[in-house]
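Q: Please take a close look at a single part of this model. I would like to see how that part fits into the whole.

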Amino acid sequence: MKKNLLILPLLVLLASGACSKSKNGGGGTPTPTPTPTPITPLITLAPGWKYSAILSLNFPTGIQAFTFDTIFNGRTLKAFCVALDYSTGRFDFKPVQSSTPRTPSQFAAAETGLVYVAINGGYYGGNQSYSLVKYNNVVSAPNIKAVTRTYNGSSTSYYPTRAAFGITSTGAPTTAWIYSVGAGNDVIYQYPTPSPNAEGMAPQPQPTETFPAGGSLWNVVAGIGGSPLLLQAGSVRITDVEELININNTSSRPRTAIGYTAAGRLVLLAVEGDNASAGYPGINLVDLANLLKSIGCTDAINLDGGGSTSMVIGSRLTVRPGDNGVERPVISALLIKQR
């Protein structure tokens, strides 16, 4: 009787020790590590592109960030891309402008509400934007309406139809060669081909409702201007000659671009450059167009580049700015916000 009473506590202690050992991972069946949910990319991922869980950490469904750091067409390339499904209704496409230059980081920090990503906008000089800035149907700056080039030894005015990217009232993305017709800036026409200007040749007439042929109202609620067009309907179409824009087009430089895919996904792209110490020279316009095409873009435009190139995701600066690593103040930027 006493012998059985001594055995019972011993069995209880052994059972308790076994449970404790299993709980601490020293025995028994280990608890499986949860498998991360696979991410379905919003865009086609060409070789070298990788989904960035770190940059996408605070993104909701419908927006993703990707990185590229490998060889592209014979040169080492570092690039960042944000893709978003604007049709979800979660996002606000907001071009912004300042009367004094600000960095894209400062534009984002000054904005009320949650800003997911900010990139630099179009061209500028001093405190004036030379590229379209339109938001909520209000044009705060048009694409430049005239530029001066030398013709027959004299300074001559030319009237380029430059590229722009917009969002229609239905939320669809679009690109076009545009011109603000008339004395004001609110009436914007788009054309199926750019006005056929070229340096060294006689200037074309100032664009109107009927010239270039086939023009129609460009009805977008928000838009950002740049130059030149890079892709049209799935084909590389770089109209820098017609748009009278010479921006080291064949040189490797930092670049910023925006486009969209056949499925209507918006793509914001920034390529690092002017960074010889890290081996990142940048990219020329032809390769930029092909890089966008490789990730599914059918239509795209170039924005300001060089030292202006910047992409900020949350509070994180992605590309190293071309101005010796310091982000350049600019006049306009594009923000993707929470709606």
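A: Buried means under 20% relative accessible area, exposed means over 50%, and partly exposed lies in between, with a 1.4 Å probe and protein chains only. The model is predicted, so local features need pLDDT of at least 70 and side-chain atom pairs count only at pLDDT 80 or more, while totals for chains, interfaces and linings use all residues. Residues are numbered from 1 along each chain as its sequence is written, and side-chain values use heavy atoms, with hydrogens and water left out.

The part chosen here is strand β3, which covers residues 75-84. Helices (H or I, at least four residues) and strands (E, at least two) are DSSP runs, numbered from the N terminus. The protein has 24 strands and three helices. Of its 339 residues, 48% count as buried. In β3, seven of the 10 residues are buried, leaving the strand mostly covered.

The strand belongs to an open sheet of eight strands, in the order β1-β2-β3-β20-β19-β21-β17-β18, with antiparallel pairing. The edges are β1 (49-51) and β18 (235-236); each has a single partner strand, so one side of each has no neighbour in the sheet. Strands count as paired if DSSP finds at least two bridges between them. On one side, β3 runs antiparallel to β2, joined by 10 bridges. Ile63 is the residue opposite Leu84 of β3. The hairpin of β2 and β3 has two residues between the strands, and Asn73 there takes a positive phi near 50 degrees. On the other side, six bridges join β3 to β20, again antiparallel. Phe80 has Ala270 in β20 as its bridge partner.

At the far end of the order, β17 (residues 229-232) and β18 run antiparallel and are joined by two bridges. Leu231 and Val236 of β18 stand opposite each other. Helix α3 packs on the sheet and touches β1, β2 (63-72), β3, β17, β18, β19, β20 and β21 (297-302), its direction making about 40 degrees with that of β17. Contact here means heavy atoms within 4.5 Å. The axes are lines fitted to C-alpha atoms, for helices over the stretch in contact, and angles run from 0 to 180 degrees between N-to-C directions.

A salt bridge is a side-chain nitrogen of Lys or Arg within 4 Å of a carboxyl oxygen of Asp or Glu. One such pair involves the strand itself: Arg75 bridges to Asp287, with 2.5 Å between the closest N and O atoms. Because Arg75 is in β3 and Asp287 is in helix α3 (residues 285-294), this pair ties together parts 212 residues apart in sequence. Arg75 is partly exposed at 22% relative accessible area, whereas Asp287 is buried at 5%. A second pair involves the loop between β3 and β4: Asp85 bridges to Arg265, and since Arg265 lies in the loop between β19 (255-261) and β20 (266-271), parts 180 residues apart are tied together. The closest N and O atoms of Asp85 and Arg265 are 3.7 Å apart, and Asp85 is buried at 15% relative accessibility.

The count of salt bridges comes to eight. Another of them joins Glu199 to Arg149, whose closest N and O atoms are 3.6 Å apart. Glu199 is in the loop between β14 (188-191) and β15 (216-217) and Arg149 is in strand β10 (residues 147-151), 50 residues apart. Both are partly exposed, Glu199 with a relative accessible area of 48% and Arg149 at 22%.

Cysteine is also found in the strand's span. Cys81 is buried at 1% relative accessibility, and its sulfur is 7.2 Å from the closest cysteine sulfur, that of Cys297, which is too far for a bond. Cys297 is buried as well, at 2%. A disulfide is a pair of cysteine sulfur atoms within 2.5 Å, and the whole structure has zero disulfides.

A nonpolar core is a set of buried Ala, Val, Leu, Ile, Met, Phe, Trp, Tyr and Cys residues joined through side-chain atoms within 4.5 Å. The largest nonpolar core has 32 residues, of which Phe93, Phe165, Leu268 and Met311 touch the most other members. A second, separate core has 29 residues, including Leu42, Leu77, Ala79 and Leu269. Across the protein, 67% of the contacts with a separation of 6 or more are between residues 24 or more positions apart.
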